[in-house]
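Got your viewer open? Here is a short tour, one selection at a time.

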Amino acid sequence: MNDQIRNISSRIRELRDIVGLTDAQVAEKIGIHLAEYQDYEAAKADIPISVLYNTAAVLGVDPTELMTGDIPKMVRYSLSRHDQDITIERRENYAFSVLAHNFKDRDMDPMVVYLTHSDDVEVTTHAGQEFNYVLEGEVEVKVGNKRFVLAPGDSIYFAPSVPHGQRAVTETAKFLTVINERQSMVR
């Protein structure tokens, strides 16, 4: 695991201890097996964004706090500069830059996702709604049993409760994603 994932795992473990929950209680509240949760907390496995969001909700913090250690402060606007992005590398062929991370109580999470070519689509599920807009390269988006290849300017809006994932068809690809999962997160 990379240093970012280790830092996120450490923040999760520390905050869980502060709020007085056991790892079993958090795993149950977010709906995953204890061993899977323990792997995330020990930085032995990549943490899916849905697990990150649900864990943040259970711990009573904004996901930004888990990702960066900072608490969002802005209430009127949040400006993101391209040279000051917070970029998280989840796995070898998938990284994302968090936009609007400093906006307090936001309803949506816009991110720019950077992909390098992969033969497989790793699928995930989470609550809410998701929008993907391709900026560069070609992206294969799998939603359930359907697969779509999107080129720059193409977009897709879907229910992410259906197993889904993306991969770069070209050597590299970049897309904007906007996720609204806050309305239905664990509380």
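**Stop 1: the cavity**

Begin with the empty space: the largest cavity has a volume of about 50 Å³. Bear in mind that you are looking at a predicted model. A cut-off of 30 Å³ or more leaves 1 cavity in the structure.

To see its walls, select Ile5, Ile8, Ile47, Pro48, Ile49, Leu52, Ile88, Arg90 and Phe96, which line the largest cavity. Now colour by secondary structure: helix 1 (3-19), helix 4 and strand 1 (86-91) are the elements that give two or more residues to this lining. What classes of residue make up the lining of the largest cavity? There are 8 nonpolar residues, no polar ones and 1 charged.

**Stop 2: the core**

Nonpolar side chains in soluble globular proteins tend to be buried together. Here the largest nonpolar core has 40 residues, and Ile12, Leu52, Leu59, Leu66 and Phe96 are those with the most contacts inside it. Helix 4 (residues 49-59) gives the largest share of this core, 7 residues. Leu52 and Phe96 should look familiar, since both were in your cavity selection.

Next, pick isoleucine 12 and show what surrounds it. Skipping neighbours within four places in sequence, isoleucine 12 is in contact with Tyr37, Glu41, Ile47, Leu52, Thr55, Leu59 and Leu66.

From that list, jump to threonine 55, which sits in helix 4. Is threonine 55 buried or exposed? Its relative accessibility is 1%, so threonine 55 counts as buried. Again leaving out neighbours within four places in sequence, threonine 55 is in contact with Ile12, Val26, Ile30, Tyr37 and Leu66.

**Stop 3: a loop with positive phi**

Most residues other than glycine have a negative phi. With that in mind, go to the loop between strand 2 (94-98) and strand 3 (109-116), where you will find alanine 100. Although it is not a glycine, alanine 100 has a positive phi of about 65°.

Select aspartate 105 too, as it is found in the loop between strand 2 and strand 3. Aspartate 105 is another residue other than glycine with a positive phi, near 60°.

Switch on a surface to compare the two. Alanine 100 has a relative accessibility of 17%, and because buried means under 20%, it counts as buried. Aspartate 105, on the other hand, is exposed, with a relative accessible area of 63%.

What does alanine 100 touch beyond its neighbours within four places in sequence? Ser78, Ser80, Arg106 and Pro110 are in contact with it. For a distance label, try alanine 100 to threonine 64: C-alpha to C-alpha, the two are 9.6 Å apart in space, with their positions 36 residues apart in sequence.

**Stop 4: two rings**

Last, the aromatics. A search of the whole structure turns up 1 aromatic pair. Select phenylalanine 131 and tyrosine 157: their ring centres are 6.4 Å apart and their planes stand at 50°, so the pair is tilted rather than stacked or edge-to-face.

Zoom out to place them: phenylalanine 131 lies in strand 4 (residues 129-136) and tyrosine 157 in strand 7 (residues 155-158), so the pair ties together parts that are 26 residues apart in sequence. How accessible is each partner? Phenylalanine 131, at 26% relative accessibility, counts as partly exposed, while tyrosine 157 is exposed, with a relative accessible area of 54%.

Key
Residues are numbered from 1 along each chain as its sequence is written. This is a predicted model: local features need pLDDT of at least 70, side-chain atom pairs count only at pLDDT 80 or more; totals for chains, interfaces and linings use all residues. Side-chain values use heavy atoms; hydrogens and water are left out. Rings of Phe, Tyr and Trp (its six-membered ring) pair if their centres lie within 6.5 Å; planes under 30 degrees apart count as stacked, over 60 as edge-to-face and the rest as tilted. Helices (H or I, at least four residues) and strands (E, at least two) are DSSP runs, numbered from the N terminus. Buried means under 20% relative accessible area, exposed over 50%, partly exposed in between (1.4 Å probe, protein chains only). A nonpolar core is a set of buried Ala, Val, Leu, Ile, Met, Phe, Trp, Tyr and Cys residues joined through side-chain atoms within 4.5 Å. Contact means heavy atoms within 4.5 Å. On a 1 Å grid over the protein atoms alone, a cavity is a set of points where a 1.4 Å probe fits but cannot get out, and a pocket is an open set with protein on both sides within 12 Å along at least five of seven lines; lining residues have an atom within 4 Å of a point. Grid points are joined across faces, edges and corners, and a volume is the space filled by probe spheres set on the points. Ala, Val, Leu, Ile, Met, Phe, Trp, Tyr, Cys and Pro count as nonpolar, Asp, Glu, Lys and Arg as charged, and the others, Gly among them, as polar.
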